[in-house]
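Me: I am new to reading protein models and would like a close look at one part. Could you walk me through domain 2 of chain B and how it connects to what surrounds it?

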Amino acid sequence: MMIEIRWHGRGGQGAVTASEAVSAAAILDGKYALAFPEFGAERRGAPVRAYTRISDNPVIPRTPVTTPDILVILDPSLLHPEYTYGLKPNGTVVVNAKLPPEKIAKILKLKPGVKIGVIDATGLAMEVLKRPIVNTAMLGALVKATGVVSLENTEKAILNKFPGKIGELNVELIRRAYKETVVSEIKEEVLAQ
Amino acid sequence: MTLAVEEASGKGLKRPRPMSTNSAIATAARDLDVDVVSAYPITPQTTVVEKIAEYIANGELDAEMIHVESEHSALSAAIGAAAAGARSFTATASQGLALMHEILHIASGGRVPVVMSVATRALSAPISIWNDHSDVMNARDSGWIIAFVSSAQEAYDTVIQAFKVAEDPEVLLPFMVAYDGYLMSHTMEPVVTEDRETVLSYAPKRDYPYKLDPKKPVTIGTITDPNWYYEFKYQQVETMKVALEKFRRADEEFGKVFGRNYGLLECIHCEDADAIVVATTSYATTLKYLINTAREKGMKVGLLRLRLYRPFPVEDFLKATSGVDTLLVIDRAISYGAPVQGPLATEINSLFHSRGIDTKVVSVVAGIGQRAFKDDDAMNMFKLALESRKAAPEETIFYGVRK
């Protein structure tokens with residue numbers, strides 16, 4: 001079985017680091033995993049895509065993820081249906097937003113059966129890190145909404161990457177986001193409203 | 001299946017760690033206890049030498065890091081160090097490899113066993129920081145041993161094998177380990193690393209036989225008149241044959257010591273295939289993933305992943321492809337104006353022709369400047385290979401281009 005994750009963020013938000021942290025956590029969990037970015041000309045603020053694949057099998061394709069099981073949107077300005085292309089019917093969308101899930105479902109034109117995890121990652125990052133770097137908050141949200149990797153190894157992956165104070169603050173952020181993420185499933189009636 | 005790998009010695013389980021291919025290569029250099037690393041940054045290679053610098057700064061590697069002003073100097077410094085008997089390593093990509101071109105020949109002609117990793121990338125102009133194989137294909141006639149690897153683990157393992165082969169007194173040739181920029185260089189994946197003691201007993205540091213030593217002076221690469229130059233060059237021709245067998249044995253021995261080996265090429269479902277797709281590096285991994293899907297759909301296709309490119313494993317290749325009537329060769333570089341414009345396809349064509357074999361060779365160019373190559377593109381390669389059995393296209397197919 002293979003789980004495919006696609007990340008949409010903006011340069012500087014840490015989408016690439018988050019995609020790598022999830023693969024690192026999966027490897028620590030005892031699975032095979034790949035994570036790779038799709039770089040444009042690197043610059044802050046430009047839309048960035050990254051991919052993670054987790055599998056029980058060592059042979060994992062090295063192609064862009066076009067049919068994700070999980071979609072992570074790190075920036076509220078990227079809440080647009082064009083970023084949901086290929087999402088699998090029972091997939092999960094994890095978003096950084098201050099909006100209720102129903103509203104997000106409408107904006108993204110999500111189909112019934114899709115699970116949605118919402119967190120105000122920017123607000124939380126400003127509170128804990130004092131800067132709008134949202135990737136670790138999104139990791140907490142992703143783990144809560146999908147359980148695709150263990151929380152323990154996600155934290156370990158971040159501490160390996162950022163030892164010391166910065167790592168500890170990010171672990172705090174992961175835990176806060178894990179607690180505060182609201183997870184719900186899109187029902188038919190929500191879309192009809 | 002879990003990731004823990006049974007150790008060949010049965011001592012216990014080896015835990016893989018998440019690493020990019022660039023990190024894996026830097027870690028191989030650390031575990032090989034390299035003495036000298038020359039470095040000039042270029043995307044997507046830079047994090048290789050950054051990681052090595054980190055290992056040196058942390059005290060995990062006792063090596064001299066030479067910061068130079070260009071890739072021309074980077075390879076020159078590595079050659080100088082190797083000629084003085086040091087285990088020398090450097091890394092580059094794209095324009096960096098192009099700028100080294102003159103020095104590539106000095107390493108091979110001077111018989112200096114430098115090992116270099118290349119995170120393959122397109123060439124300017126126009127500028128592209130993205131992946132293809134233009135850089136390595138431009139260097140294919142420079143007398144280096146060249147291997148193409150398909151995973152971070154294989155990159156780690158092959159750098160270790162490369163030093164063993166390059167430094168062998170019967171070889172003494174430089175060795176290039178090539179892998180895809182971004183598609184591999186910046187991809188995080190599981191890698192098992194080995195302890196230095198075992199690595200060094202597998203690939204021990206050897207005394208370079210003709211080393212620069214003020215007490216016993218020698219000249220390397222001096223002017224050679226028409227009466228002798230040709231013989232020096234012919235020795236390189238002969239040594240490539242030795243290198244092929246040395247690499248084969250080094251890979252087999254690696255398997256015995258570490259429990260992983262790869263062969264000179266890898267062939268999947270080739271025995272009963274109607275058509276075979278030939279690919280390298282990351283494309284081979286994707287095709288390997290999809291070949292079972294193709295087979296389930298009743299497509300009798302095979303996949304040949306070429307690992308050792310120079311010296312070309314002729315006999316292995318002919319054996320693996322015997323009995324198949326069509327080969328589709330994916331090239332990620334262009335030989336402009338050539339009769340067949342995929343360089344690898346050209347070589348395979350000429351190999352078959354010279355041996356009187358009438359297997360059709362379909363030349364496909366893809367992924368230029370990292371033009372996306374997705375799962376359905378990979379499936380299209382299998383389809384195209386089978387369709388070509390009836391009517392093979394005469395000209396190179398430039399897959400995915402807007403004409």
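Reply: Happy to! Keep in mind that this is a predicted model. Let us start with the whole chain and then move in.

Chain B contains 13 helices and 17 strands. Its radius of gyration is 21 Å, close to the 22 Å that the globule rule gives for 403 residues, so chain B is as compact as a globular protein of that length. Its C-alpha atoms fill a box of roughly 70 × 60 × 40 Å along the principal axes. Buried residues account for 54% of the 403 residues. If you take the contacts between residues at least 6 apart in sequence, 78% of them join residues at least 24 apart.

The domain assignment splits chain B into domain 1 (5-258) and domain 2 (266-398). Now for your part, domain 2, and the sheet that begins with strand 11. This open sheet has six strands in the order 11-13-12-15-16-17, with mixed pairing. Its edges are strand 11 (265-268) and strand 17 (397-398) of chain B, and each of these pairs on one side only. What does strand 17 pair with? Strand 16 (residues 360-365) of chain B pairs with strand 17 in the parallel sense, over two bridges. One residue pair to find on your screen is B:Val365 and its bridge partner in strand 17, B:Phe398. Helix 12 (residues 343-354) of chain B packs on the sheet, where it touches strand 12 (275-279), strand 15 (326-331) and strand 16. The direction of helix 12 makes about 150 degrees with that of strand 15.

Further along, a loop between strand 16 and helix 13 (375-387) of chain B holds B:Gln370. Most residues other than glycine have a negative phi. B:Gln370, however, has a positive phi of about 65 degrees although it is not a glycine. Is this residue buried or exposed? B:Gln370 has 20 other C-beta atoms within 10 Å, so it counts as buried.

Next, follow the nonpolar residues. In soluble globular proteins, nonpolar side chains tend to be buried together. The largest nonpolar core here has 195 residues, and those with the most contacts inside it are A:Met138, B:Val277, B:Val278 and B:Val329. Helix 1 (residues 15-28) of chain A gives the largest share of this core, ten residues. Domain 1 and domain 2 of chain B both give residues to the core, so it lies between them. To see one member up close, pick B:Val277: leaving aside neighbours within four places in sequence, its contacts include B:Leu287, B:Val301, B:Leu328, B:Ile330 and B:Phe382.

Finally, let us look across to domain 1. The C-alpha centres of the two domains of chain B lie 27 Å apart. Where they meet, 27 residues of domain 1 are in contact with 20 residues of domain 2. On the domain 1 side, the elements giving two or more residues are helix 6 (134-138), strand 8 (145-148), strand 9 (175-180) and helix 9 (229-258) of chain B. Helix 9 gives the largest share of that side, five residues.

Chain B also meets chain A: 22 residues of chain A are in contact with 23 residues of chain B. Strand 2 (32-38) of chain A is one of the elements that give two or more residues to the chain A side, and strand 2 gives the most, with six residues.

Key
Residues numbered from 1 in each chain as written. Chains lettered and ligands numbered in written order. Predicted model: local features only at pLDDT ≥ 70, side-chain atom pairs only at ≥ 80, totals over all residues. Helix = DSSP H or I, 4+ residues; strand = E, 2+ residues; numbered from the N terminus. Rg over C-alpha atoms; globule rule 2.2 N^0.38 Å. Buried ≥ 20, exposed ≤ 12 C-beta atoms within 10 Å, placed from the backbone. Contact = placed C-beta atoms within 7 Å. Core = buried A, V, L, I, M, F, W, Y, C linked by C-beta atoms within 7 Å. Domains from an automatic or database assignment. Pairing = 2+ DSSP bridges. Axes fitted to C-alpha atoms, helices over the stretch in contact; angles between N-to-C directions.
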